[in-house]
Amino acid sequence: MPLMEVCYRDDPNLNKCIKDIIQHLVPNVKSGIPELGLPSLDPMEMDDMEFTYKSSMVSGDTKVKDVKIYKLSNIKVVDARAKVNDPTKLILEFEAHYDRLESIGKYELVGNIARIPINTQGLFNLTLYDVTFMYTVKGDLITGRDGEEYMELKHFQYLHSNKGIGNLKLHATNLVEKNAFLNMFAIRFLNQFWKPISRELIPIIDPMIDRFTTRFFNNIFLRIPYNMLFPQSRDWMPGYD
């Protein structure tokens, strides 16, 4: 299990240690950690989502399911910061860059795209290029049934940094039923105007993603005592100099 390295809370270079740990750990848990009940990270299988989106360009009720996200393990950690002075709370922020992220899944949409009526379902493939996210992780200390203390995550949010997403390419089948020309037009419209659409869409789906990622990573945080994940000092851990 690739969780042997730890960062000590009194380490003057704690931020660098956390940055290095994340960079090393993520690619090595690509397939998950079965003994901790951690599912696959790459691909990551998302929860089904339902949301309503309204704007002048695109609006409607959308469902997405069977979504898988690929290439999350190809991470480059740019920076990391942690606040661990309060032993009852955890605040961790890290910035990560991905050259490319891909997701596939199924969708249902009832609404309109560029005033084209849509009432259909199909498959989608979404690729993001040159992506930079800022992750914010917050947790509170709890006492488990075994008497040990664990850090229960309350939020595992990702925020678009100022760099954000360099480009985006979407493909969807059957977007406009039985009309190949309008289907092609709708896809081109979404790919051309993805920036203003995404600015309005992201605040809608962010809370759903936060709930999923928080539950996902609590598989680790609620199974390993906090003093083993982040020991107070090197002297606390037996067997270390």
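**A walk through the fold, starting from Thr 214**

Leave out residues up to four places away in sequence, and Thr 214 touches Leu 153, Lys 154, His 155 and Phe 156. Thr 214 itself sits in helix H3, which spans residues 194-221. Its relative accessibility is 8%, and since anything under 20% is called buried, Thr 214 counts as buried. Keep in mind throughout that this is a predicted model.

Now zoom out for a moment. The protein chain holds four helices and seven strands. Reading from the N terminus, the order of elements is α-β-β-β-β-β-β-β-α-α-α. Measured out along the principal axes, the C-alpha atoms fill a box of roughly 70 × 35 × 30 Å. The chain has 241 residues, and buried ones make up 46% of them. As for contacts between residues at least 6 apart in sequence, 68% join residues at least 24 apart.

Let's go to the N-terminal end, where the helix H1 covers residues 14-28. H1 has 15 residues and reaches 21 Å from its first C-alpha to its last, close to the 21 Å expected at 1.5 Å a residue. Which residues of H1 are buried? They are Leu 14, Cys 17, Ile 18, Ile 21, Ile 22, Leu 25 and Val 26. These residues cover an arc of only 140° around the axis, so they end up on the same side of H1. What they pack against is a pair of strands, E4 (76-83) and E5 (89-113).

One residue on that list, Cys 17, has a second role to look at. A search of the whole structure turns up one disulfide, and it joins Cys 7 to Cys 17 with an S to S distance of 2.1 Å. The torsion about the S-S bond is about -95°, so the disulfide is left-handed. The bond links distant parts of the chain: Cys 7 belongs to the segment before H1 and Cys 17 to helix H1, 10 residues apart. Both cysteines are buried.

Past H1, the loop that leads to strand E1 (44-45) contains Asp 42. Is Asp 42 buried or exposed? With 10% relative accessibility, Asp 42 counts as buried. Pro 27 is 15 residues from Asp 42 in sequence, and their C-alpha atoms are 8.8 Å apart in space. Setting aside neighbours within four places in sequence, Asp 42 is in contact with Lys 30, Ile 69, Tyr 70, Lys 71, Leu 72 and Ser 73. For Lys 71 there is a polar detail too: its backbone nitrogen lies 2.9 Å from a polar atom of the Asp 42 side chain.

Next come the strands. In a regular strand the side chains alternate between the two faces of the sheet. Strand E2 (residues 49-54) shows an alternation of this kind: Met 49, Phe 51 and Tyr 53 point to one face and are buried. Glu 50, Thr 52 and Lys 54 point to the other face and are not buried. E2 pairs with E3 in the antiparallel sense over six bridges, and the two form a hairpin with three residues between them. Within that pairing, Phe 51 stands opposite Thr 62 in E3.

Thr 62 is a handy place to step onward. Strand E3 (residues 58-70) is joined to E5 by 11 bridges, and these two strands run antiparallel. On this side, Thr 62 stands opposite Leu 109 in E5. Leu 109 in turn stands opposite Thr 120 in E6. You can follow that trail in the viewer: Phe 51 to Thr 62, Thr 62 to Leu 109, and Leu 109 to Thr 120.

E5 deserves a stop, as several pairings involve it. How many bridges does E5 make with strand E6 (residues 116-143)? There are 24 bridges, again in the antiparallel sense. E5 and E6 form a hairpin with two residues between them, and Ala 114 in the turn has a positive phi of about 50°. E5 also pairs with E4: seven bridges join them, and they run antiparallel. Arg 81 stands opposite Glu 93 in E5, and a hairpin of five residues joins E4 to E5. These strands, E4 and E5, bring us back to the helix, as the buried residues of H1 pack against both.

Methods:
Residues numbered from 1 in each chain as written. Predicted model: local features only at pLDDT ≥ 70, side-chain atom pairs only at ≥ 80, totals over all residues. Heavy atoms only, no water. Expected span 1.5 Å × (residues − 1). Buried < 20%, exposed > 50% of the residue type's maximum accessible area, 1.4 Å probe, protein only. Arc of directions from axis to C-beta. Contact = heavy atoms within 4.5 Å. Pairing = 2+ DSSP bridges. Disulfide = S-S within 2.5 Å. Polar contact = N/O pair within 3.5 Å; in protein donor to acceptor, adjacent residues only side chain to side chain.
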